[in-house]
Amino acid sequence: MNRPFRVRVLLTGAVLALGLFLTFAAARLQQQNIDAATRAKFERQVELVEAEIERRFRQPVHGLNGARGIFAVNPAVSRNAFRAYVNSRNLQEEFPGVRGFGFAQRVSRDDLPDFVAAERRDEAPHFTVRTVGNAPDLYVIKFLEPVAISQPALGYDIGSESTRRQAIERAVSTGSPTLSGRIILQSERQRPGFLYMTPVYRSGKDPGVMQQRQAELLGLLFSPIVAEDLLAGSAGGSDRQIDFSLYDGDAEPGNLLFASKSLAGTPGGSTLHADESTSRKAVQEMTARLPIGGRQLTLRVNTTPAFEHDLDRWIPTSLRVGGVLVSLLLALTMWLLATGRARAYALAQAMTTDLERLAAVVRHTSNLVVITDRDCKIQWVNDAFASFYGYTFEDARGQTPLQLLGSGRTDPETYAVMNRAAEAQTSCRVEVVNRSKDGTHHAIELEVQPRHDGQGRLTGFMEIGLDVTTRKHAEEQLRRNHAMLKSIMENLPCGLSVFDGQLHLAASNQQFRELLDLPDELFSGRSVRFEDVVRNNAARGEYGPGPVEDIVAGMLERAQYPTRMLFERERHDGKPLEVRSAPMPGGGFVTTYMDISERKKIERMQHEFISTVSHELRTPLTAIYGSLSLLGSETAGPLPPDVQELVVVAHKSCERLMRLISDVLDVERIQAGLMHYAKSRQALAPLVDQAVGAMRAYADQFHVSLEFESRLDNLYVEVDPDRIVQVLVNLISNAVKFSKPNHPVSVRMSMVDGQIRVCVSDQGIGIPAEFRPRIFDRFAQADGSDRRAQGGTGLGLNICKSIVETHGGRIDYISTVGVGTEFFFDLPGVSGP
């Protein structure tokens with residue numbers, strides 16, 4: 001360290017140290033003066049609070065002494081006389097916090113019956129004494145006024161409770177007004193308070209001796225007092241410069257009687273929710289003992305922010321801050337003057353280093369950088385430029401970028417934009433197509449910045465290029481893909497809409513607009529919202545009757561949580577649409593709309609044709625079936641064996657054809673919603689019995705045994721009994737047909753997940769797994785030759801599924817090929833009849 005530098009450091013340090021010493025000395029002296037004045041002010045306010053608390057505690061004593069005067073004139077004070085005295089005083093104004101005045105008479109336990117009888121004669125016909133324990137003397141509340149608080153307390157032995165008993169004994173032994181310990185007044189919303197008591201003697205005055213006081217004691221006058229109301233507002237004026245809390249005995253939370261407003265957080269202070277622990281440290285605090293009514297109360301006082309706001313505490317701080325700032329400013333000024341030359345030199349060196357670093361960055365950046373003069377002649381290129389285009393700096397020097405790299409593929413307007421920016425000496429950003437030395441073309445995003453000297457004169461331009469060829473190819477591919485997707489969407493045989501997670505229309509085709517007859521103005525120049533489409537349709541009544549906004553709100557709520565849906569709906573013009581909707585990953589949903597007018601027309605024609613054919617066949621077929629039944633029974637006489645065999649075959653064929661027609665008609669009724677169900681409360685087991693019994697003869701034909709296992713009685717269902725028997729007969733018939741001879745078919749009942757389950761199991765050929773999706777479709781039959789050989793319409797399981805689901809149940813099966821199949825259906829149970 002050289003000598004001039006040491007001198008500068010020592011001189012600067014001396015100036016700073018002297019300034020700081022003088023600053024903190026002055027601030028300390030000022031702080032001592034402020035602390036002394038603050039303590040004196042706080043002590044004066046504490047004295048005022050103590051005096052105010054003592055004055056307020058004396059007020060109830062005046063009222064008790066007045067009442068004691070009545071007893072001095074006439075110890076046998078009547079209830080009306082005591083009430084008249086209390087009513088003559090304005091309790092709210094004369095005695096704040098006092099809830100009334102009462103008299104508790106000392107009664108020997110042996111004299112209790114006579115005392116109660118006397119009170120009932122004195123206008124208290126329901127007077128009853130309530131006490132606890134076996135003390136020989138009771139202190140029974142005889143009077144308590146006003147009337148509003150007297151009824152629950154009359155007859156209560158206040159000596160039966162320990163806190164009140166202690167106060168009574170102290171009042172009797174001292175002959176002076178006595179304050180009870182902290183109690184909770186039940187009639188005052190559980191707020192804490194106390195009783196003030198004074199003894200009353202038969203002679204009207206204090207005998208002065210303990211034994212005589214006990215002998216002449218008539219009872220005690222008392223006053224229930226609510227601490228919160230007695231002490232409300234005693235902390236001072238509206239500026240609330242101090243807060244205090246008052247405790248019965250030691251300053252513990254359980255002894256709290258009162259806390260002023262800012263401690264408690266309730267108007268006037270609260271004794272129930274005060275919290276002593278605060279994050280703010282008071283400037284002044286004091287704890288004092290107050291002897292009141294023979295008890296030691298603890299007063300804790302502390303200052304509030306209002307008190308601290310009035311203190312001139314900012315003066316020492318201002319002195320410190322100002323002195324430090326002045327000292328630092330003087331030291332800094334001296335230091336700057338002494339070291340200005342060195343700082344300027346260091347700054348110049350740093351700038352040189354930064355420029356070298358910037359030049360290195362430009363040379364080695366992957367961007368293509370060119371610097372030209374005012375005439376756009378190339379003066380410098382970076383390494384990336386030379387490597388990318390294949391031209392060295394010597395090749396490029398003196399040429400313009402257009403002469404060196406021009407490809408003839410750049411839009412002439414782009415060059416016009418660059419020329420206008422150069423004339424205005426402003427920057428611009430354009431895209432050009434440049435040609436490398438090897439003839440390759442590149443899409444370049446080019447930023448051109450003018451360069452100026454220290455006087456603001458134009459010296460040339462800097463061009464920074466970024467190769468975006470790959471990006472442009474990707475954008476072109478994306479454009480082609482978008483066009484292809486648009487073409488696909490427009491050529492779909494259905495309307496298509498895609499709404500994103502914010503329920504804005506992300507994509508749609510023309511059929512979507514045409515099928516829903518959406519107006520053109522809905523798509524004019526702004527994002528189409530799902531809400532707009534729904535409101536447009538709801539206003540035309542497409543979603544049924546009801547307030548439009550209610551319909552819109554309901555559909556918007558469901559659209560927030562889309563699910564996969566397939567349903568048909570009819571537009572307001574009668575056109576039927578098939579609507580399919582599915583949620584998309586990340587939110588939103590895609591919906592297709594198919595005009596199914598032709599399909600509906602074909603279905604109606606098919607239904608009408610099947611219904612007509614079925615009905616036209618049923619009438620003559622019934623007559624044929626009856627005739628064949630008569631012939632087969634030989635009612636008209638015996639038939640030759642060969643004729644009898646033909647009649648039996650014809651009878652079975654006719655029977656099979658009638659079942660087919662019945663199944664077809666059932667399917668039609670189900671599809672048209674005309675299937676009738678006569679539901680009633682039924683025991684399920686008898687219905688199973690009925691179906692099993694009806695199918696035994698049929699099972700015998702196939703040499704199959706039919707058993708009802710696991711019967712459960714006393715299980716009831718709400719069903720159409722004929723339809724449930726129809727389901728059971730169909731399932732048992734299928735099981736019998738596909739069972740092997742001499743193998744059983746079993747029917748079982750069980751409870752599964754609170755539902756009643758009926759299972760029909762066989763040991764037949766089983767059902768192939770690939771047939772499961774179509775097993776309950778109409779006319780569905782497995783393709784195996786064994787299954788085809790058994791006949792059947794392929795409608796039975798479809799009818800069973802419809803019947804079971806109409807009864808609130810479900811039907812399904814479990815099958816293993818070559819082992820057997822178990823069909824089952826579940827029905828909800830109901831209570832018995």
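**View 1. Strand 22 and strand 24 side by side.** In this predicted model, strand 22 and strand 24 run parallel to each other and are joined by 5 bridges. One place to look is Glu709, which has Arg748 of strand 24 opposite. Keep Arg748 in sight, as the next view returns to this residue from the other neighbouring strand.

**View 2. The hairpin of strand 24 and strand 25.** Here strand 24 (residues 744-752) meets strand 25 (residues 755-761) in an antiparallel pairing of 7 bridges. The two strands make a hairpin with 2 residues between them, and in the turn Asp753 has a positive phi of about 55°. Three rungs help you find your way along the pair. Ser746 has Ser761 as its bridge partner, Arg748 stands opposite Cys759, and Met749 is partnered with Val758.

**View 3. Strand 25 and its pairing with strand 27.** Moving across the sheet, strand 25 pairs with strand 27 (residues 820-828) through 7 bridges, in the antiparallel sense. Cys759 is a handy landmark: Phe824 is its bridge partner in strand 27, while Arg748 of the hairpin view also stands opposite Cys759. How much of strand 25 is buried? Of its 7 residues, 6 are buried, so the strand is largely enclosed by the rest of the structure.

**View 4. The whole sheet, from edge to edge.** Now step back and take in the open sheet, in which 5 strands follow the order 22-24-25-27-26 with mixed pairing. Which strands stand at the edges? They are strand 22 (705-709) and strand 26 (810-816); each has a single partner strand, so one side of each lacks a neighbour in the sheet. From one strand to the next, the twist averages 20°.

**View 5. Helix 22 over the sheet.** Helix 22 (residues 684-701) lies across three strands, namely strand 22, strand 24 and strand 25. The helix runs at about 170° to strand 22.

**View 6. Val747 and its surroundings.** Val747 sits in strand 24. Is this residue buried or exposed? Val747 has 0% relative accessibility and therefore counts as buried, the cut-off being under 20%. Leaving aside residues up to four places away in sequence, Val747 touches Val688, Val692, Leu706, Glu707, Phe708, Glu709, Ile732, Val758, Cys759 and Val760. Among these, Glu709 is 38 residues away along the chain, yet the C-alpha atoms of Val747 and Glu709 are separated by 5.7 Å. You have already met Glu709 in the opening view, where this residue stands opposite Arg748.

**View 7. A nonpolar patch on the surface.** For the last close-up we leave the sheet and visit Leu18, Phe21 and Leu22, which make a nonpolar surface patch of about 350 Å². Phe21 belongs to helix 1 (residues 3-73). With a relative accessible area of 60%, Phe21 is exposed, whereas Val747 of the previous view is buried.

Technical notes:
Residues numbered from 1 in each chain as written. Predicted model: local features only at pLDDT ≥ 70, side-chain atom pairs only at ≥ 80, totals over all residues. Heavy atoms only, no water. Pairing = 2+ DSSP bridges. Helix = DSSP H or I, 4+ residues; strand = E, 2+ residues; numbered from the N terminus. Axes fitted to C-alpha atoms, helices over the stretch in contact; angles between N-to-C directions. Contact = heavy atoms within 4.5 Å. Patch = residues over 30% accessible without salt bridge, like charges linked within 9 Å, V, L, I, M, F, W, Y side chains within 5 Å. Areas by Shrake-Rupley, 256 points an atom, 1.4 Å probe, with all protein chains shown as cover. Salt bridge = Lys/Arg side-chain N within 4 Å of Asp/Glu carboxyl O. Buried < 20%, exposed > 50% of the residue type's maximum accessible area, 1.4 Å probe, protein only.
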